[in-house]
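Biologist: I have the model open and want to walk through it. Shall we start with strand pairing?

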Amino acid sequence: MEKDRTGYQFEGWYVDENLTRKLNPGGRLPGNIELYPKWTAQKFPIYYELEEGVNSQYNPHEGGPESGIVKLYPAKANGRQFVGWFLDGKRVDYLPDGIRQPIHLVGKFQDPVIVHFDTNGGARMKDQNVGLDGRLKTVPNPLRIGYSFDGWYLDENLKHRCLPDHDFLHSCTLYAKWDLTPFEVRYDLDEGSFVEDPIQTFTCLTPTFLLPKAQKEGFDFEGWFDERGNQHLMVRKGSINNRRLKARWTLRPSVTFKVPNPSLAEHKPALISK
């Protein structure tokens, strides 16, 4: 009468559906009666085989038919990259749903594939380990003041660009390429004009240059001022960011001269502007 159910231990027959009254094998049955089997899920060991490193504390060491799908966590070893857990030669990331026999897992490591970054004058960047799929999780953009980043290259001569879908099979170095960022000087003459041709664009490598002189009829030129009221005389080498400058003018005063010659007394005083 006992049934076979893999992964479960048969505990006996019961005369009630709630499995509280066990059948007495030596007792007499009152005619026809429905019996209910009781089963208890068994626990099976899970073995982890590692030639190096240590297992994760989160990996279970036993399971049963009611365990469900269980995630496996990677083992760790200094200077090594964990490839994965293998069950019967096949890589697995989860324990199977419903364990009904002992499980033997083998963990494998490999030398990590490391990508170094030569920023060619930019901010230093940490090396990155390549994933098991041969890809970098993220390909970061470096920073360099006064320059615009133009991509990573596989060679030092910057001939072969590293594409986003590049597969890294071996450790290597990527090289950053840069373009000079152009900046502008925007002049507001306020109805004046330049005395000389102005320099209107520059980069961080442009030699230091003086700002141009300007002129306006009836006014004296005070200089170039930014939006905060600070005066600027030049743009120094190494400067970055755009400039917005406005010419500041001072009205020339009118001067009245009285002519002392009596013969000219009938003439009106002349107004002379500087």
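Biologist: In E9, which residue is the bridge partner of Tyr48?

Modeller: A caution up front: this is a predicted model, where local features need pLDDT of at least 70, side-chain atom pairs count only at pLDDT 80 or more, and totals for chains, interfaces and linings use all residues. Residues are numbered from 1 along each chain as its sequence is written, and side-chain values use heavy atoms, leaving out hydrogens and water. Strand E3 (residues 44–50) runs parallel to strand E9 (residues 103–110), and 5 bridges join them. Within E9, Tyr48 is partnered by Leu105.

Biologist: Which strands stand at the edges of the sheet E4-E3-E9-E6-E7?

Modeller: Strands (E) are DSSP runs of at least two residues, numbered from the N terminus, and two of them pair if DSSP finds at least two bridges between them. This open sheet has 5 strands with mixed pairing. An edge strand has a single partner, so one side of it is left without a neighbour in the sheet. The edges here are E4 (62–63) and E7 (90–92).

Biologist: There is another open sheet, E16-E14-E22-E19-E20. In E16, what is the bridge partner of Phe183?

Modeller: That sheet also has mixed pairing among 5 strands. E16 (201–202) and E20 stand at its edges, each with a single partner strand. Strand E14 (residues 183–188) meets E16 through 2 bridges, running antiparallel. Phe183 is bridged in E16 to Phe202.

Biologist: Which element gives the most to the lining of the largest pocket?

Modeller: A pocket is an open set of points on a 1 Å grid over the protein atoms alone, where a 1.4 Å probe fits, with protein on both sides within 12 Å along at least five of seven lines; lining residues have an atom within 4 Å of a point. The largest pocket has a volume of about 180 Å³, where volume is the space filled by probe spheres set on the points, joined across faces, edges and corners. Of its 15 lining residues, the closest to the centre are Leu210, Leu211, Pro212, Lys213 and Leu233. E17 (209–210), E19 (219–225) and E20 (231–232) each give two or more residues, and the most, 4 residues, come from E19.

Biologist: How many charged residues are in the lining of the second largest pocket?

Modeller: This pocket holds about 160 Å³. Its lining is Gln81, Asn129, Val130, Gly131, Leu132, Arg135 and Lys137. Asp, Glu, Lys and Arg count as charged; Ala, Val, Leu, Ile, Met, Phe, Trp, Tyr, Cys and Pro as nonpolar; the others, Gly among them, as polar. The lining divides into 2 nonpolar and 3 polar, and the number charged is 2.

Biologist: What is the phi of Leu19?

Modeller: Most residues other than glycine have a negative phi. Leu19 sits in the loop between E1 (8–14) and E2 (36–41). Leu19 is not a glycine, yet its phi is positive, at about 60°.

Biologist: Is Tyr36 buried, partly exposed or exposed?

Modeller: Tyr36 lies in E2 and contacts (heavy atoms within 4.5 Å) several residues beyond four places in sequence, among them Trp13 and Leu19. The C-alpha atoms of Tyr36 and Trp13 are 5.5 Å apart, across 23 residues of sequence. Buried means under 20% relative accessible area, exposed over 50%, partly exposed in between (1.4 Å probe, protein chains only). With 21% relative accessibility, Tyr36 is partly exposed.
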